[in-house]
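Let's walk through this model together, one question at a time. Have a look at the sequence and the structure first.

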Amino acid sequence: MASTLPTHRTLSMIQRYWELLYVLVSRNIKVRYRGSLVGIYWSLLNPLIMTGLYTAIFGATFAEYFNNSIVDYVLAAFTGLVVIHFFNGSTSQALLSVVENGVLLNKIRLPMSIFPMSMVGANVFQFCVGMLPLLLIVTWLKSHSLISLLALFLPLISLVWVCMGIGFLLSGLYVFYRDLGYFYELVRFILGISSPVFYPAEIVPEAVAKFLILNPLIPIIESIRQISLSGNLPELSLIGKSLISSLIIWFLGWSCFRWWQEQYMDLL
Amino acid sequence: MQEVIRLEKVKLWRRTQEEFSYDLKKTVLSIAAGKYRQPAKKLVLNNVDLVVEKGEKVGIIGANGSGKSTILKVICGILKPSSGKVRVRGEIAPLIELGAGFDPNLSVIDNIILYGVMLGFSRWEMKQRVGLILEFAELEDYALVPVKGLSSGMVARLGFAIATDVQPDILILDEVFSVGDERFKQKCQYRMQQLWDEKTTVLLVSHDLDYVKEACEVLIWLEKGEVRMVGGTDEIIDLYLISSQTKKSTIK
Amino acid sequence: MKNKLKYPTEIVIKPPSKSLNLDLKEIYRFRYLIGNLVWRDIRVQFNAMYLGVIWATVRPLLMVTIFAVFRNWSGASLHVPIPYSVYVYSGLILWFYFTEATTATSKALEKNASLITKIYFPRVINLIVPAIASLYGLGVAMFPLFCMMVWQGVYPGWRIFLLPFVLLQCMLLVNGVGTLFAALSLESKDFDKLLNQILYIGLYVSPVFFAPGLIPEKGRLIYFLNPIAGTLLAFRSVLFNDFPFPLWQFIYSIIATIVLLVIGLIIYQRVEAFIADKL
């Protein structure tokens, strides 16, 4: 016997988006961590291990830039790695998201943009469960200020916007060009190397520094480091820079995605 | 009688499969060499005019590749027409390949909620309906089993149960009855009976001409993306069979 | 046309045995399947050929440059007896081969799940294919190496004839570690991630960017517990005349390889019985 509940789908667009997002993100997380004991904490382990490695290799050499404190180096490397790790994870998963769900899109009517968004969303969830608490603890210990804790969310939001924008761009391009993965791996590598993660920003020569403006992650990393590690009040200029650049990227990525959207169905 | 679906001069162009150059490297090189061509397109639907009224049971028949599934996709909103207008009034329950949205690694309950949300319901609503759906599909014991452990017949029952659990205004069926055992077919018929009586509009695509004869009043005959004829079930079927026969005799 | 794949007139399907039981005859019978699967994998890489080439060479080259720059800047001595760039590059390409092939092997069962659950063939073949197919990437990356060797004036000696043996040992190590983790991954996804981490750390712990001379005497014993350390050094030695051959380390690598292979296969066999349920 059929149900006697309301027959009309009364959800507004926003509600529908939210429901879809929730369901897709939870599907993602469940499938990823099903049958895994350590589960979500793997996403925390990798940056911690990498921090350890970098410290072991580069710590001595660069310590002088960090008030000769290895601990400061460790923290700086860690915050940088957190950002890079999140970025790499979300964008490379978003890249595949539309094509992976191509079969589904051919059978049910769904807003395509939900797929890259859900990939970023899954990574946000992972981040909140894993690294965010650590980051908040470090910030508190260093600054003892509630304002800093709250301000920390601003560059983090910028990071999410950057990832979404690039995620949209990549997922759309991937529909047309299936070898995009290789190129993007190269781009990711360059972005990672050009960000001052295991080395301090000061040693970058002038000539190269001009190009660094193309790397949207740098203002975010700098802002997070300033808020969580310096012990001073959050610097608005850094926050502003990261917010503005991330908004621009989000807008560009979103526009491209929408502009190409009609052509996707023929290729999925 | 109220109009529920209207297609006006709908044309649809789609990129042809052979031209797919999924290759960034090739594209960049050919642009640089000045040899870039726009990808070729094929006319998949040509000037389709269609009107379906509320409560009508309409069948769509035609040879493979004539555009039957494409028309359904256009009506469902999965594909947008290149020109022309598509107007649909009411909520659609699309049964295009049962269980397309299922994730084999998730449990049956999770998939019910997932599928339901994709069809447009909220999680809360789906949670309320899980019991009824499992009952209809006779899968109560399998509630927590991952879908990859179900047989294809069970998956079909589940998909059908979810999509038809709520009275839709328009039911769209694309060759869904080829899967499933006798029991399943009977259950489908039972529920279809209920929906039939409730003045649901039904759009059916099938190669099973006997079933189409029984179920539909009106038939649309599609050929190569165009509406060749629209009319009463019996006459269209006869004409369709005759035309298939003549085609057969030219194959030697 | 002569039928190449001769099926035996009788195939016996028994419950799996607990001890190590590798039916080599059967694997040999399916050798054409192995060839086909390897070719399939290579073709996938071949289709992205330019990119496969670019990636297989650019990545190690970039890393070489970065580390060379860092070394110059920090003035550290890494105890490398031959030109640094050649040393690092050769180590990197072998390391990337190892990583790629081992990861592919550990995922081979999942990747071919549809084949495994539907057709009969010795499943262990899936675990052999990636080690062979990834040689393509290694081969491609060797060309820049030859150029570098000529440019820097570093040449191989008679030991070049040992190259196939070193590669064979590397492949068997890939098979061993890959099989072990493939079997373990069927139980829990944690092992997938664990392998990832181990490989990641391995890059910095193995003699890729530096030579063993950097490690203090006391730590050296632990350092050489790493089975691929011997392989990496031996690889350099067969390619470059001036690089000494690490006899004991290589012998250790061979022994470690055999041990890992046996353990991997035994665990795999235990798990194999339920493979269709896990996939």
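**Cores, sheet and interface**

The largest nonpolar core (buried Ala, Val, Leu, Ile, Met, Phe, Trp, Tyr and Cys residues joined through C-beta atoms within 7 Å) holds 133 residues, and among those with the most contacts inside it are A:Val83, A:Leu159 and B:Ile172. Here, buried means that 20 or more other C-beta atoms lie within 10 Å of the residue's own, exposed means 12 or fewer, and partly exposed lies in between, with C-beta atoms placed from the backbone.
This is a predicted model, where local features need pLDDT of at least 70 and side-chain atom pairs count only at pLDDT 80 or more, while totals for chains, interfaces and linings use all residues. Residues are numbered from 1 along each chain as its sequence is written, with chains lettered from A and ligands numbered from 1 in the order in which they are written.

Q: Which helix gives the largest share of this core?
A: Helices (H or I, at least four residues) and strands (E, at least two) are DSSP runs, numbered from the N terminus. The largest share of the core is 16 residues, and it comes from residues 146-176 of chain A, helix H6.

Q: How many residues are in the second, separate core?
A: This core includes C:Trp55, C:Val64, C:Leu94 and C:Ile125. Its count of residues is 62.

Q: What is the order of the open sheet of 3 strands in chain B?
A: Strands pair if DSSP finds at least two bridges between them. E1(B) and E2(B) are antiparallel over 9 bridges, with B:Leu12 opposite B:Leu45. E1(B) and E4(B), also antiparallel, are joined by 5 bridges. The order of the sheet is therefore E2-E1-E4.

Q: How many residues of E4(B) are buried?
A: E4(B) has 6 residues and is hardly covered. The count of buried residues in this strand is 0.

Q: How many residues of chain A are in contact with chain B?
A: Contact means that the C-beta atoms of two residues, placed from the backbone, lie within 7 Å. Chain B brings 39 residues to this interface, and the number from chain A is 33.

Q: Is A:Phe251 buried, partly exposed or exposed?
A: A:Phe251 sits in helix H10 (residues 236-267) of chain A. Its C-alpha atom is 9.0 Å from that of A:Trp161, 90 residues apart along the chain. Because A:Phe251 has 13 C-beta neighbours inside 10 Å, it counts as partly exposed.
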